[in-house]
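Here are a few exercises to work through with the model open in your viewer. Try each one before reading its solution.

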Amino acid sequence: MAVLSKDKQVSEIVKCGKNSSYFINTYVKIQHPTRGLVKFNTYKFQDECLTKFDDHRFNVILKSRQLGISTVAASYALWLALFYKDKAILIIATKLAVAQNFIKKVKIALQNLPGWLVMPSLKSDTKQMIEFSNGSSIKAIPTSEDAGRSEALTLLIVDEAAFISNFDDLWTGLYPTLSTGGRAIVLSTPNGVGGQFHKLYVEAEARLNIFNSIKLPWDVHPERDDAWFENESRNMTRKQIAQELLCDFA
């Protein structure tokens, strides 16, 4: 990328602060499992998710596997923390390794940004938390009975919520942390009927709660076709196909 003049840098900072999709598509890099470090060129369904994160305070996402939604959420969290002061962002994951991997995605994006774009400096940097000098922080923790209860949150992200065994009780404790205007993104592949994630999504789809529902089956990805589906399904049971690819609770 060409060296930008000071005026152009200021213009780009303003554009990035106004539009998460512009920031991500222009400056964020991600670690692709086969292609290595690459520019994050989001697909249409990912851009639509970013728009809905802005438009709706609460989003619940029922998704197929390997659609990059956790990476989208990590990039969105970084955008919010970089460009806005005093934002407390908490990610709750099924286990410690998953929580640390979420922070790793944030760090890869952060480390590969142009120096002039990283306006706040890093105040602290651990495997589970990044804190900036503008008062914003991104913290990722594994699930526990009291996870996030004492936090006052700007954004809560719950990853693979359907696989968190005590999510019913956890959500009861987490919801009050958003009472001052905080937002939530709850995402997961399905894991059978029943439980808090199933309830949140089904009621959101029927417009019976405050959540905006987003459904992302396997074919929203433009690089996947019937041949891909047939190949992926070959070594999966009917239950696995329904859960991992079709977004089918039953």
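**Exercise 1.** Which residues do ring pairs link into a cluster?

Keep in mind that this is a predicted model. Go looking for the rings and you should land on F58, F167, W171, Y175 and F211, which ring pairs join into a cluster. In total, the structure holds 15 aromatic pairs.

**Exercise 2.** Work out how the rings of W218 and W228 are arranged.

Start with the distance: the ring centres sit 5.9 Å apart. Next, the angle: the planes are at 15 degrees, so the pair is stacked, given that planes under 30 degrees apart count as stacked. Now place the partners: W218 is in the loop between β10 (212-216) and α8, while W228 belongs to helix α8, 10 residues apart. W218 also stacks with F229, at 4.8 Å centre to centre and 25 degrees between the planes. F229 is in helix α8, so this pair ties the loop to parts 11 residues apart in sequence. Finally, W218 has 10% relative accessibility and counts as buried.

**Exercise 3.** Decide whether helix α2 (residues 20-27) is largely enclosed or not.

Count first: seven of its eight residues are buried, so α2 is largely enclosed by the rest of the structure. The buried ones are S20, S21, F23, I24, N25, T26 and Y27. Then check the cover, which includes α1 (6-18), β1, β2, α3 (44-55) and α4. Last, look at the N-terminal end: N19 caps it, with a side-chain oxygen 2.9 Å from the backbone nitrogen of S21.

**Exercise 4.** Describe the lining of the largest pocket by class.

The pocket holds about 1100 Å³ of space. Its lining has 13 nonpolar, 14 polar and 13 charged residues. By element, α5 gives the largest share, seven residues.

Note on methods. Residues are numbered from 1 along each chain as its sequence is written. This is a predicted model: local features need pLDDT of at least 70, side-chain atom pairs count only at pLDDT 80 or more; totals for chains, interfaces and linings use all residues. Side-chain values use heavy atoms; hydrogens and water are left out. On a 1 Å grid over the protein atoms alone, a cavity is a set of points where a 1.4 Å probe fits but cannot get out, and a pocket is an open set with protein on both sides within 12 Å along at least five of seven lines; lining residues have an atom within 4 Å of a point. Grid points are joined across faces, edges and corners, and a volume is the space filled by probe spheres set on the points. Helices (H or I, at least four residues) and strands (E, at least two) are DSSP runs, numbered from the N terminus. Ala, Val, Leu, Ile, Met, Phe, Trp, Tyr, Cys and Pro count as nonpolar, Asp, Glu, Lys and Arg as charged, and the others, Gly among them, as polar. Buried means under 20% relative accessible area, exposed over 50%, partly exposed in between (1.4 Å probe, protein chains only). Contact means heavy atoms within 4.5 Å. A polar contact is a pair of N or O atoms within 3.5 Å; within protein, one must be able to donate a hydrogen and the other to accept it, and residues adjacent in sequence count only if both atoms are side-chain atoms. Rings of Phe, Tyr and Trp (its six-membered ring) pair if their centres lie within 6.5 Å; planes under 30 degrees apart count as stacked, over 60 as edge-to-face and the rest as tilted.
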